[in-house]
Amino acid sequence: MTLGEPTVPHTGTGKSQQPTFSFEFFPPRTALMQRKFWRTVGRMEALSPAFFSVTYGALGSGQTQSVDTVKALCAESDVPVAAHLTCVGANRETLNAVIHDLRDCGIRGVVALRGDGEEPGAPFCAHPDGYQSVPELVTYLRGSGEQAISVAAYPEVHPQASSPEEDLLHLKRKLDAGADQAITQYFFEAEDFLRFRDRAIAAGIAKPIIPGILPIHNYQRVVQFSQRCGASVPTRFADDYARLDNDPQGRYEFSVALAVRLGETLMAEGVSQFHFYTLNQTDLSHAVCCELLREPQ
Ligand code: FAD
C-alpha cells in the first residue's frame, strides 16, 4: 500500500492529467464529531483518494486520539492512511514504539513533522532524548522500513525560518534524508506555489511537492490562524466575505469558486495531485474536487 504514485515536478504549462486528491482530518473528539467523521469518510472514499491523513495532537490525550483515529481509519477504509507524527514531547523510545505500533496495524505512511511548542505560538523545544529535527526522524523512519514518508513545505516560507533560502535548504535536507514527497502549507495565490516549485527545482529538489489546499470554511478564523502558520490571506478577500456576511450559501459558493480557480490554475501548470485540509468539514473539499474532476482534460 503506497500513498499514490509520485508526481514528476513540472515547470512548463499545459493541462495536467486527471487530478488525484488526499484528505487530511483531525481526530474527532466527541461522539457527535465521531458520527460526522465516519459519514464524511464514506463520502470522500467515493473520490478514490490517494490517501487519507490524520493530524497528530500536541501532547498526551491529543496524541492518543490521533493514533486511535488513524488505526480505526486503516481498519475501516480501503484508502491508504498516513499518520502525522511530530517530534514534540516524546523521547525516541516512545515515538519509535508509536511508529512500530502503527506499522503493525497496517499503516504504511507517515507525515513526519517537527511540531510546535506546547503553548500556542511557543517555539518548538526538542525533548532531550527525543528526535531533534525532522531529518533525524525521517532517517529513522526510512531505515526502519517505512514505505511512504511525506514532510511539510512552506511556499510562503515558515515563520521561524532565518531566510527563504534556509527554509528551502531545510526542505531539501528532509527529502535527502529519505522522505518521498512534500506537502505544502496552504496558500491562496497560485503564483506563491509556482514560484516555490521553480525555486525548489533550481535548488535540486526532484521529488514531488503536493500543494495543500484549504477551502475557506470561516474567513475570520482562517485569517487568525494563518498569521501563526506561514500563510497569507489576500486582502481582497476581506471585501468579498464582508459582502457575504449574511449569506451562508453565497459564502459557501464563493469559497468553492476560489478553491476551484486555484486548482484550475495549478492544473494548467502541470499539477495533478492536491492535498486538502478538510478541517473535518468536507462539504467544501468534496464540491471543489468534483468541479476539478469535471474540468475538460
Ligand atoms: P521543520 O521542517 O523542522 O522546520 C520548520 C522550519 O524551521 C523550516 O522550514 C526551517 O525554516 C526552519 N528550520 C528547522 N530546522 C532547521 C535547521 N536545522 N536549519 C535551518 N532551518 C531550520 N503540526 C502538528 O502539531 N500536528 C500535525 O499533524 C501537523 N500537520 C501538518 C501537516 C502539514 C502538511 C504542514 C505543512 C504542517 C503541519 N503541522 C502539524 C504544523 C507543523 O508542525 C508546524 O508548521 C511546525 O512549526 C513546523 O513543522 P515542520 O515539520 O515543518 O518543521
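Which way does H9 cross H10, right-handed or left-handed? Hold that thought for a moment, everyone, and let me set the scene.

What we have here is a predicted model, in which local features need pLDDT of at least 70, side-chain atom pairs count only at pLDDT 80 or more, and totals for chains, interfaces and linings use all residues. Residues are numbered from 1 along each chain as its sequence is written, and side-chain values use heavy atoms, with hydrogens and water left out.

First, the overall picture. The protein chain has 10 helices and eight strands; these are DSSP runs numbered from the N terminus, with helices being H or I of at least four residues and strands E of at least two. Its radius of gyration is 18 Å, close to the 19 Å from the globule rule for 297 residues, so the chain is as compact as a globular protein of that length. That radius is taken over C-alpha atoms, and the rule is 2.2 Å times the number of residues to the power 0.38. The C-alpha trace spans about 50 × 50 × 35 Å along its principal axes.

Buried residues account for 51% of the 297, where buried means under 20% relative accessible area, exposed over 50%, and partly exposed in between, with a 1.4 Å probe and protein chains only. Of the contacts between residues at least 6 apart in sequence, 80% join residues at least 24 apart; contact here means heavy atoms within 4.5 Å.

Now, back to my opening question. H9 passes H10 in a right-handed crossing; the term means that the near helix is turned clockwise from the far one by less than a right angle, while anticlockwise would be left-handed. The two helices pack at an angle of about 45°, with axes 9 Å apart. Those axes are lines fitted to C-alpha atoms over the stretch in contact, and angles run from 0 to 180 degrees between N-to-C directions. H9 and H10 are therefore oblique to each other: under 35 degrees counts as roughly parallel, over 145 as roughly antiparallel, 65 to 115 as roughly perpendicular, and the rest as oblique. Among the residues making this contact are Tyr252, Ala259 and Met267 of H9, and Leu284, Val288 and Leu292 of H10. By class, the contact has nine nonpolar, two polar and three charged residues. Nonpolar covers Ala, Val, Leu, Ile, Met, Phe, Trp, Tyr, Cys and Pro; charged covers Asp, Glu, Lys and Arg; the others, Gly among them, are polar.

H9 (residues 248-268) also has H6 (residues 190-202) as a partner, with axes that come within 10 Å and cross at roughly 30°. H6 and H9 are therefore roughly parallel, and their crossing is right-handed. Ala190, Phe193 and Leu194 in H6 meet Leu262, Thr265 and Leu266 in H9, giving five nonpolar, one polar and no charged residues.

Let's stay with H10 (residues 282-294), which holds His286. That histidine counts as buried at 14% relative accessibility. Leaving out residues up to four places away in sequence, His286 touches Arg43, Met44 and Leu47.

Last, two backbone spots for the torsion fans. Asn280, in the loop between strand S8 (273-277) and H10, has a positive phi near 60°, and this residue is buried at 9%. Val157 has a positive phi too, near 75°. Val157 lies in the loop between strand S5 (148-153) and helix H5 (164-176) and is partly exposed at 22%.

Thanks, all!
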